[in-house]
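Got the viewer open and ready? Let's walk through this one stop by stop, with something to select each time.

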Amino acid sequence: MAVFPPTVSPVYVIGAGPGGLAAAYALRARGVRAVILEKSDDVGASWRRHYDRLHLHTTRRLSALPGLPMPRRFGRWVSRDDVVRYLEKYAEHHELEIVTGVEVSRVEPAPDGDGWLLHASGGRELTGSAVVVATGFNHTPRIPDWPGLDGYGGRFLHAGEYRDAEPFAGLDVLVVGVGNTGAEIAVDLVEGGASRVRLAVRTVPHIVRRSTAGWAAQYNSILVRRLPTGLVDRLARTMAKVSVPDLAAQGLPRPASGLYSRVKEGSIPVLDVGLIDAVRRGKIEIVAAVDGFEDGKVALADGTRVSPDAVIAATGYVRALEGLVGHLDVLDGRGRPVAHGPRTPKDAPGLYFTGYTNPISGMFREMAIDAEKIAKTVAKRVRVA
Ligand SMILES: Cc1cc2nc3c(=O)[nH]c(=O)nc-3n(C[C@H](O)[C@H](O)[C@H](O)COP(=O)(O)OP(=O)(O)OC[C@H]3O[C@@H](n4cnc5c(N)ncnc54)[C@H](O)[C@@H]3O)c2cc1C
């Protein structure tokens, strides 16, 4: 293994989630010094905050990061706590250099034109030969700009603040948004004793069994990646007819547009962990999308007004990269990096991004692959410098 001289400034990795940890390990494995800067006090901060019942939807084996398998005892679908244990172990096992409690606020070209200058909390200014940005796809909760929200008297929270169903036992709860998070929180509320659970749906989702006869949905996602979109749409439609019951009568008809076409537009299917059963049994009621709030009530898109005790907005997250790198002209109209993995934006050589796509093949898996590719490219650059 080539070890680069200590005079070369390190590569800074921003964020100690799975993406940043994997990138730092892969760089180290190629002899490049990588220092992770993490704003919170621990690695895996996002996973520590997720709701209690969360398990990976992707398999243990296909979610391991480079250089350390996940232990068999974690089971096939790894729990949130075991993901956190794994990330802690990963950092320790690979002896990664991590500085916690440091938030990077801005990245700009180094004044001497060589590398990048990072502005971080505590007035720190750090120069790196390259930078890997790994601050997370789910960085900042997104709450739609709903009119009248201020006048709502019930409890209102974003899904990112939801831990378990206990505070909602006996309550009438409206969950807004049927992504994987909204669907799972709705199921959790039913199982946790909420008196009524409604799920507000704007766009009917594709629902896929997490596993069919032992075959994980993630395997299909990987297998079909290079196939034409129309073909995958047809395969998925056939598969859905066989494995997912028609829930049209309950308000969830099969979507008109194909599963893979939707994925290409950035919308991944819902992996079933109880939604189908709860909707079929009437335990989760599907209602129209939320348009806003009026006189303390929730105004739905079909004109009805409902008065739940609590509203949980499972309305996603934003990347929030603007402050960090927005001035470098490296973000697209949706605030996502224009280049990803081993590719860097045209005018920002040495600035890498990992974890800003949402592939159906699994983000842990993709970040593991990207980590190796980024490390290979960086090692080549540093060697040439
Ligand atoms: C509910 C949920 C379930 C998921 N389930 C799966 C799954 O089953 N399988 C799968 O493959 N993927 C899954 N994902 C997607 C993805 O794998 C995870 O979101 C994963 O945590 C992303 O890793 P990351 O390192 O990119 O970001 P994060 O884990 O969010 O880590 C980013 C880190 O950067 C830090 N940070 C942010 N800004 C700064 C800053 N300016 N300076 C310093 N530090 C900063 C944060 O504190 C955090 O520690 C899931 C996501 C969610 C939300």
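How many bridges join strand β10 to β11, and do they run parallel or antiparallel? Select residues 172-176 for β10 and 196-201 for β11: five bridges join the two strands, and they run parallel. Keep in mind as you look around that this is a predicted model. Within the pair, find V175, which stands opposite L199 in β11. Now check how covered β11 is: five of its six residues are buried.

**Next stop: the five-stranded sheet**

Select β3, β2, β1, β7 and β22, which in that order make up an open sheet with parallel pairing. The edges are β3 (97-100) and β22; each has a single partner strand, so one side of each is left without a neighbour in the sheet. Turn the view a little and you can follow the twist: neighbouring strands are turned by 20° against each other on average, direction ignored.

Zoom in on β1 (residues 11-14) and β7 (residues 130-133), a parallel pair held over four bridges. Here V11 has A130 in β7 as its bridge partner.

**The helix on that sheet**

Now add α1, residues 18-29. This helix packs on the sheet and touches β1, β2 (34-38), β3 and β7, and its direction makes about 165° with that of β2. From first C-alpha to last, the twelve residues of α1 reach 16 Å, close to the 16 Å expected at 1.5 Å a residue.

Is α1 mostly out in the open or enclosed? Ten of its twelve residues are buried, so the helix is largely enclosed by the rest of the structure. Among the buried ones are P18, G19, L21, Y25 and L27. Step past the end of α1 and you reach G31, where phi is positive, near 80°.

**A buried arginine**

Go to R336, in the loop between α9 (322-325) and β22 (351-353). What is the nearest side chain of opposite charge to R336? That is D332, 5.8 Å away; R336 is buried yet has no salt bridge. Show the surroundings too: beyond its neighbours within four places in sequence, R336 is in contact with F137, R319, V330, L331 and Y356.

**A smaller sheet**

Select β17 (290-294), β18 (297-300) and β19 (305-306). These three strands form an open sheet in the order β17-β18-β19, with antiparallel pairing. The edge strands are β17 and β19, each pairing on one side only. Between β17 and β18 there are four bridges, and V290 has L300 in β18 as its bridge partner.

**Last stop: charged pairs**

Side chains of opposite charge can pair when their charged atoms come close. The count here comes to 19 salt bridges, so pick a few to look at.

- Select E92 and K89, which meet in a salt bridge at 3.9 Å, N to O. They sit three residues apart in helix α3 (residues 80-93), about one helical turn. E92 counts as exposed at 57% relative accessibility, while K89 is partly exposed at 41%.
- Select R106 and E108, another salt bridge, at 3.0 Å, N to O. R106 is partly exposed at 34%, and E108 is partly exposed at 22%.
- Select R202 and D291, whose closest N and O atoms are 3.9 Å apart in a salt bridge. This pair links distant parts of the chain, 89 residues apart: R202 is in the loop between β11 and β12 (207-209), and D291 is in strand β17.
- Finish with R53, E184, D188 and E191, joined into one network by salt bridges that share partners.

Technical notes: Residues numbered from 1 in each chain as written. Predicted model: local features only at pLDDT ≥ 70, side-chain atom pairs only at ≥ 80, totals over all residues. Heavy atoms only, no water. Pairing = 2+ DSSP bridges. Buried < 20%, exposed > 50% of the residue type's maximum accessible area, 1.4 Å probe, protein only. Lys, Arg positive; Asp, Glu negative; His and termini not counted. Salt bridge = Lys/Arg side-chain N within 4 Å of Asp/Glu carboxyl O. Contact = heavy atoms within 4.5 Å. Axes fitted to C-alpha atoms, helices over the stretch in contact; angles between N-to-C directions. Expected span 1.5 Å × (residues − 1).
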